[in-house]
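Biologist: I should like a close look at a single part of this model, set out as one connected account. Please choose the part and describe its surroundings.

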Amino acid sequence: KSLVYFEVVTTLALAVGLTAAVSFIHTHDPLRSWWALKHLLACITLFWLVVAMKSESWYRALGWAVTLALGLNGLLGILQYHGVDDQRMAGFFSSWSRLGPVLDHFHQVAVPGATFINKNVAASYAVLTVPIAFAAFLTSRGRGPQLLALLCCSLGATLLIYSRTRSSWL
């Protein structure tokens, strides 16, 4: 039963990707379409990996990857909201300037966008990943992983609040 389900779902996902790739041919703005197609193909690839790797350890590792990415995006968004850039960080840490552009690398249309360009996209990402980080907190064993998951969840929730996007609160 699961093999048939896997084949049907994979076929549907590949059909969506193929349809998007064919529609890419007749576009008015190939650059914008390429970005949308790239994101769609990345989602289809991630979907296929999740369906193909059915084990508890895989899901736990994927949950922790999402949780850690939320924590990093939350921290970056909080720093952007408070106007912290590479020059201010070099004032705190003398060796920061040797790293090159770190915080200034992420150009923003609307602050705080974290690694995303827009605060709306960052807030939507936080809405989707804060529950995963909270689940990592609830299911982790040991004090260290629980505190790390709680920290990442808190950073993501703070990013969500700082973004001030109405669409993410719905």
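Modeller: A pocket is here an open set of points, on a 1 Å grid over the protein atoms alone, with protein on both sides within 12 Å along at least five of seven lines. Its volume is the space filled by probe spheres set on those points. The model is predicted. On these terms the second largest pocket has a volume of about 180 Å³. His-39, Ala-42, Cys-43, Leu-46 and Phe-47 line the second largest pocket, and by class they divide into 4 nonpolar, 1 polar and no charged.

His-39 leads on to the part I have chosen, for this residue lines the second largest pocket and is also among the residues closest to the centre of the largest one. The largest pocket has a volume of about 490 Å³. Its lining comprises 16 residues, and Phe-116, Ile-117, Val-121 and Tyr-125 join His-39 in the group closest to the centre. Helix H2 (30-52), H3 and H5 each give two or more residues to this lining. H5 gives the most, with 6 residues. By class, the lining of the largest pocket holds 10 nonpolar, 5 polar and 1 charged residues.

H5 therefore deserves a description of its packing, since two packed helices are described by the angle between their axes and the distance between the axes. Helix H3 (residues 56-81) packs against helix H5 (residues 119-139) at an angle of about 125°, with the axes 9 Å apart. That angle makes H3 oblique to H5, and their crossing is left-handed. On the H3 side the contact includes Arg-60, Trp-64, Leu-70 and Asn-73, which meet a set of H5 residues that includes Tyr-125, Thr-129 and Ile-132. The residues of this contact divide into 10 nonpolar, 5 polar and 1 charged. Tyr-125 thus belongs to the contact with H3 as well as to the group closest to the centre of the largest pocket.

H5 also packs against helix H6 (residues 143-163): the two axes come within 8 Å and cross at roughly 155°. Because angles over 145 degrees count as roughly antiparallel, H5 is roughly antiparallel to H6. The crossing of H5 and H6 is left-handed. Lys-119, Val-127, Phe-134 and Phe-137 are among the H5 residues in this contact, and their H6 counterparts include Gln-146, Leu-150, Cys-153 and Leu-160. The contact of H5 with H6 divides into 15 nonpolar, 3 polar and 1 charged residues. Ala-126, Val-130, Ala-133 and Ala-136 of H5 take part in the contacts with both H3 and H6.

Conventions: Residues numbered from 1 in each chain as written. Predicted model: local features only at pLDDT ≥ 70, side-chain atom pairs only at ≥ 80, totals over all residues. Heavy atoms only, no water. Axes fitted to C-alpha atoms, helices over the stretch in contact; angles between N-to-C directions. Helix = DSSP H or I, 4+ residues; strand = E, 2+ residues; numbered from the N terminus. Parallel < 35°, antiparallel > 145°, perpendicular 65-115°, else oblique. Left-handed = near helix turned anticlockwise from the far one by under 90°. Contact = heavy atoms within 4.5 Å. Nonpolar A, V, L, I, M, F, W, Y, C, P; charged D, E, K, R; others polar. 1 Å grid on protein atoms, 1.4 Å probe; cavity = no way out; pocket = protein on both sides within 12 Å on 5 of 7 lines; lining within 4 Å.
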